Amino acid sequence: VEAGFQLVGNLSWYWSIRGHLGEGRRWATLALQMGDSATPSLRARALYVVGSLAWQQGDLFVARSLLEESIALHREVGTLPQKELGQALIALAMVASYQTDHDVARDAADEAVTMFRQLDDKWGFALALNPVAEACMMRHDYTAARSWFAESLALFREVGDKWAIGIPLL
């Protein structure tokens, strides 16, 4: 069970970037169904993976529920890498933004931005700026959104992630 959960966590970006959303979601869901004995940290990561993949498939209600559960479990355990909690907060911020729940989107995005800034993680910080920009767009504050997207783009360029550069350009 533990190995299955670790595999789910390690393959999450592959499934996402390569467009294998359904395959990833099936495997991660199967791991969750079989894995009551998994450590809370692995379970929280798998919840994030399934939630993130559900979001990318447009299943916002399910995505939000899974991401909120992941975040709660991350907070409960407290010993997880902050980076994983930050990633779950970013995904929740995006989902809430698409659901026009501006308060939740902004709060989750702000927490992720603060977290990645404290970790001095430029890549995570750049990613966290995108839901901040999205929340601004949803409120029709296009000047602020453009500024946040520009900062995200500059940071992705600085760290040299050619794939992630496309995120703020969408």
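The following exercises, each with a worked solution, concern a predicted model.

**Exercise 1. The nonpolar core**

Determine which residues touch the most other members of the largest nonpolar core, and which helix supplies the largest share of this core.

*Solution.*
Step 1. The largest nonpolar core holds 48 residues, and Phe5, Val8, Val49, Leu89 and Phe156 touch the most other members.
Step 2. At least two residues of this core come from each of helix 1 (2-18), helix 2 (21-34), helix 3 (40-56), helix 4 (60-77), helix 5 (82-98), helix 6 (102-118), helix 7 (122-138) and helix 8 (142-159).
Step 3. Helix 3 contributes 9 residues, the largest share.
Step 4. With neighbours within four places in sequence left aside, the contacts of Val49 are Val8, Gly9, Ser12, Trp15 and Ala28.
Step 5. As general background, nonpolar side chains in soluble globular proteins tend to be buried together.

**Exercise 2. Helix 1 against helix 2**

Establish the relative direction of helix 1 and helix 2, and describe the contact between them.

*Solution.*
Step 1. The two axes come within 10 Å and cross at roughly 165°.
Step 2. An angle over 145 degrees counts as roughly antiparallel, so helix 1 is roughly antiparallel to helix 2.
Step 3. The crossing of helix 1 and helix 2 is left-handed.
Step 4. Helix 1 brings Phe5, Val8, Trp15 and Ser16 to the contact, while helix 2 brings Leu21, Glu23, Gly24, Trp27, Ala28, Ala31 and Leu32.
Step 5. Sorted by class, the contact of helix 1 with helix 2 has 8 nonpolar, 2 polar and 1 charged residues.

**Exercise 3. Helix 4 against helix 5**

Carry out the analysis for helix 4 and helix 5, ending with the classes of the residues in contact.

*Solution.*
Step 1. Helix 4 and helix 5 pack with their axes 9 Å apart, at an angle of about 150°.
Step 2. Helix 4 and helix 5 are therefore roughly antiparallel.
Step 3. Their crossing is left-handed.
Step 4. Among the residues making the contact are Leu60, Ala63, Arg64 and Leu67 of helix 4, together with Glu84, Leu85, Ala88 and Leu89 of helix 5.
Step 5. The residues of this contact divide into 12 nonpolar, 2 polar and 4 charged.

**Exercise 4. Helix 5 against helix 6**

Describe how helix 5 packs against helix 6.

*Solution.*
Step 1. The axes of helix 5 and helix 6 come within 8 Å and cross at roughly 155°.
Step 2. This angle makes helix 5 roughly antiparallel to helix 6.
Step 3. Helix 5 passes helix 6 in a left-handed crossing.
Step 4. The contact includes Leu85, Gly86, Leu89 and Ala93 of helix 5, and Ala105, Ala108, Ala112 and Met115 of helix 6.
Step 5. Its classes are 13 nonpolar, 4 polar and 2 charged residues.

**Exercise 5. Loop residues**

Locate Thr100, His140 and Gly58, and decide whether each is buried or exposed.

*Solution.*
Step 1. Thr100 is in the loop between helix 5 and helix 6. Its phi is positive, about 55°, although Thr100 is not a glycine.
Step 2. His140 is in the loop between helix 7 and helix 8. Phi of His140 is likewise positive, near 65°.
Step 3. For comparison, most residues other than glycine have a negative phi.
Step 4. Gly58 lies in the loop between helix 3 and helix 4.
Step 5. Exposed means over 50% relative accessible area. Thr100, at 52%, is exposed; His140, at 58%, is exposed; and Gly58, at 51%, is exposed.

Note on methods:
Residues are numbered from 1 along each chain as its sequence is written. This is a predicted model: local features need pLDDT of at least 70, side-chain atom pairs count only at pLDDT 80 or more; totals for chains, interfaces and linings use all residues. Side-chain values use heavy atoms; hydrogens and water are left out. A nonpolar core is a set of buried Ala, Val, Leu, Ile, Met, Phe, Trp, Tyr and Cys residues joined through side-chain atoms within 4.5 Å. Buried means under 20% relative accessible area, exposed over 50%, partly exposed in between (1.4 Å probe, protein chains only). Helices (H or I, at least four residues) and strands (E, at least two) are DSSP runs, numbered from the N terminus. Contact means heavy atoms within 4.5 Å. Axes are lines fitted to C-alpha atoms, for helices over the stretch in contact, and angles run from 0 to 180 degrees between N-to-C directions. Angles under 35 degrees count as roughly parallel, over 145 as roughly antiparallel, 65 to 115 as roughly perpendicular and the rest as oblique. A crossing is left-handed if the near helix is turned anticlockwise from the far one by less than a right angle, and right-handed if clockwise. Ala, Val, Leu, Ile, Met, Phe, Trp, Tyr, Cys and Pro count as nonpolar, Asp, Glu, Lys and Arg as charged, and the others, Gly among them, as polar.
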